[in-house]
Amino acid sequence: MKAQPLASHYINGAYVEDDHGRSIEVIYPATGEIIARLYSATSDIVERAVGAARAAQGKWAKLKPVARGRILRRAADILRERHAQLGRLETLDTGRVIQETLGDPGVAANAMEFFGGAIASFYGDYIDLGQSFGYSRREPLGVCVGIGAWNFPIQIAAMKAAPALAMGNAMVFKPSENTPLSALALAEIFTEAGLPDGVFNVVQGYGDVGEALAIHETVAKVSLTGSVPTARKVSGVAASKLKHITLELGGKSPVIVFDDAEVENAVSGALAANFYANGEVCTNGTRIFLHEGIRDRFLKRLTERTKNIRIGDPLDPETHMGPLINKTQHQKVLDYIAIGKTEGATLLCGGGVPRLQGFDSGLFVEPTVFVDATDSMTIAREEIFGPVMTVLSFRHEDDVIRRANDTQFGLAAGVFTRDLSRAHRVITELQAGTCWINTYNRTPIELPFGGYKHSGIGRENALAALSHYSQLKSIYVETGDIANPY
Ligand code: NDP
């Protein structure tokens with residue numbers, strides 16, 4: 001299986017190669033096969049990409065917003081037309097099952113449509129000042145850098161590019177070196193849709209390339225999706241140059257299931273919150289707080305339905321779960337499972353590495369559920385980023401709110417109950433930026449997305465994202481004479 005792109009980087013509307021960079025092997029996580037070989041960007045490539053973005057940005061920003069939006073909406077159409085091919089590419093890159101990845105180009109298209117449409121009505125204000133007046137303008141920041149994680153590569157690239165470009169910025173995007181392919185496909189699509197050369201560029205690379213971009217004098221803003229340790233580094237170098245930042249980071253999100261919850265829906269929510277995308281999702285609700293009154297009914301259905309999860313060939317449309325992204329992540333997840341056992345949690349199901357015919361080198365982990373866990377256990381405190389659910393018990397509302405908030409993270413939270421007053425009361429108290437009542441992991445483009453505490457700074461999606469890719473200019477207009485004592 002091969003997925004070799006024409007070259008490693010996409011700059012100024014064309015593929016560019018520079019084989020002086022460190023080599024990047026792109027591996028299909030289901031088989032261990034090398035599907036492409038790329039090169040990390042050299043400093044020359046970084047300069048060319050940033051230079052192309054700077055040269056293109058001014059003219060792009062001068063287009064009417066509706067004209068910029070039209071190009072993004074054309075890109076949306078192409079993304080939808082090519083969803084089968086792009087979904088397959090995403091499966092080869094990430095190992096996520098085709099059943100899921102076929103939907104990813106549509107999610108990217110939603111971002112293009114939303115921001116392509118919204119930008120024409122995202123303008124400043126008229127401010128009445130009596131004798132005179134003021135107005136404000138939303139202006140682009142200039143050259144923005146996007147740095148992506150490896151779990152949803154095309155979605156992450158689109159969620160950053162769409163608002164940035166709609167607002168009149170240019171972008172240099174660096175995907176994770178684990179999943180470099182679909183950002184290149186997106187760059188090609190932008191060109192086909194009529195985006196002027198240089199407005200969206202892709203450079204490949206490891207962390208050092210991300211850092212070189214984040215610190216670059218020409219760059220006005222950095223938007224990172226990644227882990228907390230990387231965010232500390234990126235925001236450190238960005239702060240040293242006083243750049244704007246958006247950080248979308250990890251989580252250890254709570255899902256609270258009260259005893260009046262509809263059991264099947266609550267179980268569906270918990271399964272989606274832990275096993276979708278092999279559990280490699282930043283918003284995952286990995287701490288399931290179960291009210292004692294629903295515990296037995298919930299766990300019975302959870303066990304039955306977890307055992308129905310089909311794990312195997314990611315390209316088979318019937319498969320529910322594929323392999324994890326790489327060996328490091330695979331080992332990390334297995335280590336957490338071992339720690340969970342050692343610290344005294346009870347393994348309800350999963351916990352092993354399935355043996356799958358034809359996938360001897362695949363990085364699979366069974367969907368795993370721990371029960372009888374306590375808040376202080378490592379599996380209840382640290383982000384695992386794999387298919388591992390931890391179930392905790394509670395009796396009182398006040399107590400579960402306190403426990404749910406007892407984490408450095410604050411990305412997401414969910415509540416399952418039929419009691420509407422309780423649902424809103426509890427959600428109000430939860431320290432998380434993205435919350436759900438009676439569902440989980442739904443992130444439509446219309447709703448702002450982001451985290452509290454160590455889960456992030458700024459917001460993606462919705463009009464909030466346009467604010468984060470713009471700066472506000474206030475203009476005072478005098479219509480009379482100037483009163484002056486001198
Ligand atoms: P990392 O933080 O390891 O990497 C994220 C990106 O940053 C990669 O492109 C990486 O490059 C790059 N990078 C690494 N070091 C630096 C540096 N010093 N300067 C600039 N860039 C750097 O995260 P993962 O890719 O492992 O993704 C998993 C993490 O992302 C999890 O913690 C998860 O919760 C979070 N995440 C958050 C989401 C959200 O929207 N809130 C969504 C998805 C994931 P390279 O890959 O080459 O190291």
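**Exercise 1. Find the residue that UniProt marks as "active site" and describe its surroundings.**

Step 1. The unreviewed UniProt entry puts the feature "active site" at Glu248. UniProt positions follow the numbering used here, feature names are shortened, and annotations may be inferred rather than shown by experiment. Keep in mind that you're looking at a predicted model, where local features need pLDDT of at least 70, side-chain atom pairs count only at pLDDT 80 or more, and totals for chains, interfaces and linings use all residues. Residues are numbered from 1 along each chain as its sequence is written, and side-chain values use heavy atoms, with hydrogens and water left out.

Step 2. Glu248 sits in strand E11, residues 244-248. Helices (H or I, at least four residues) and strands (E, at least two) are DSSP runs, numbered from the N terminus.

Step 3. Is Glu248 buried or exposed? With a relative accessible area of 4%, Glu248 is buried. Buried means under 20% relative accessible area, exposed over 50%, and partly exposed in between (1.4 Å probe, protein chains only).

Step 4. Now look for contacts (heavy atoms within 4.5 Å). Leaving aside neighbours within four places in sequence, the partners of Glu248 include Leu224, Phe449, Arg459 and Glu460.

**Exercise 2. Follow Glu460 to its salt-bridge partner.**

Step 1. A salt bridge is a side-chain nitrogen of Lys or Arg within 4 Å of a carboxyl oxygen of Asp or Glu. By this rule, the count is 23 salt bridges.

Step 2. Glu460 pairs with Lys160, at 3.0 Å from N to O.

Step 3. Glu460 lies in the loop between strand E19 (456-457) and helix H16 (462-468), while Lys160 belongs to helix H6 (residues 153-166), so the salt bridge ties together parts 300 residues apart in sequence.

Step 4. Both Glu460 and Lys160 are buried.

**Exercise 3. Work out how the sheet containing strand E5 is put together.**

Step 1. Two strands pair if DSSP finds at least two bridges between them. Strands of a sheet pair through backbone hydrogen bonds, either parallel or antiparallel.

Step 2. What is the order of the strands? It's an open sheet of 3 strands, E5-E6-E20, with antiparallel pairing.

Step 3. Strand E5 (126-129) and strand E20 (470-477) are the edge strands, each pairing on one side only.

Step 4. How many bridges join E5 to strand E6? There are 4, and E6 covers residues 132-140. As for Asp128, its bridge partner in E6 is Phe133.
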